[in-house]
Amino acid sequence: QVQLVESGGGLVQPGGSLRLSCAASGTIFSINTMGWYRQAPGKGRESVAQIAAGRGTVHADSVKGRFSISRDYAKATVTLQMNSLKAEDTAVYYCYYRDGRDYFGQGTQVTVSP
């Protein structure tokens, strides 16, 4: 089992920044992928960014140049730095861990509004 605990999120004005963090614990294997996806009301799930050792990072076109994902492998954490936020970034953001098994965090709300 792997447990994921997210932190960060909240309300921010357009153009502002937020930082999401996710800490993994439990039976973690060295070869894995961690990342974030989001889901806005009435919309489907969208992959935002992911990072894996030896394979680098992948960011959705909608967030390239604004969001940046990073990992601390020693602490088993993944961070999503979100800059230049837009109203369309409003969603619940979920952290995930994947190594053949899939685990998800509980989600954290990000609201971008004046």
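This dialogue reads the overall fold of a predicted model and then one arginine within it.

Student: How many helices and strands are there in the chain?

Tutor: The chain of this predicted model has zero helices and 11 strands, and from the N terminus on every step in the order of elements is a β, written β-β-β-β-β-β-β-β-β-β-β. The radius of gyration is 13 Å, close to the 13 Å that the globule rule gives for 114 residues, so the chain is as compact as a globular protein of that length.

Student: What box do the C-alpha atoms fill, and what share of the residues counts as buried?

Tutor: Taken along the principal axes, the box is roughly 40 × 25 × 25 Å, and 42% of the 114 residues count as buried. Turning to contacts with a separation of 6 or more, residues 24 or more positions apart account for 53% of them.

Student: Is Arg38 buried or exposed?

Tutor: A residue is called buried when its relative accessible area is under 20%, and because the value for Arg38 is 6%, Arg38 is buried. This residue lies in strand β4, which spans residues 33-39.

Student: Which side chains make polar contacts with the side chain of Arg38?

Tutor: There are contacts to two named partners: the side chain of Asp89 is joined to that of Arg38 at 3.0 Å, while the side chain of Tyr93 makes a polar contact with it at 2.8 Å. Leaving aside residues up to four places away in sequence, Arg38 touches a longer list of residues, including Gly44, Glu46, Val48, Phe67, Glu88 and Val92.

Definitions and conventions
Residues numbered from 1 in each chain as written. Predicted model: local features only at pLDDT ≥ 70, side-chain atom pairs only at ≥ 80, totals over all residues. Heavy atoms only, no water. Helix = DSSP H or I, 4+ residues; strand = E, 2+ residues; numbered from the N terminus. Rg over C-alpha atoms; globule rule 2.2 N^0.38 Å. Buried < 20%, exposed > 50% of the residue type's maximum accessible area, 1.4 Å probe, protein only. Contact = heavy atoms within 4.5 Å. Polar contact = N/O pair within 3.5 Å; in protein donor to acceptor, adjacent residues only side chain to side chain.
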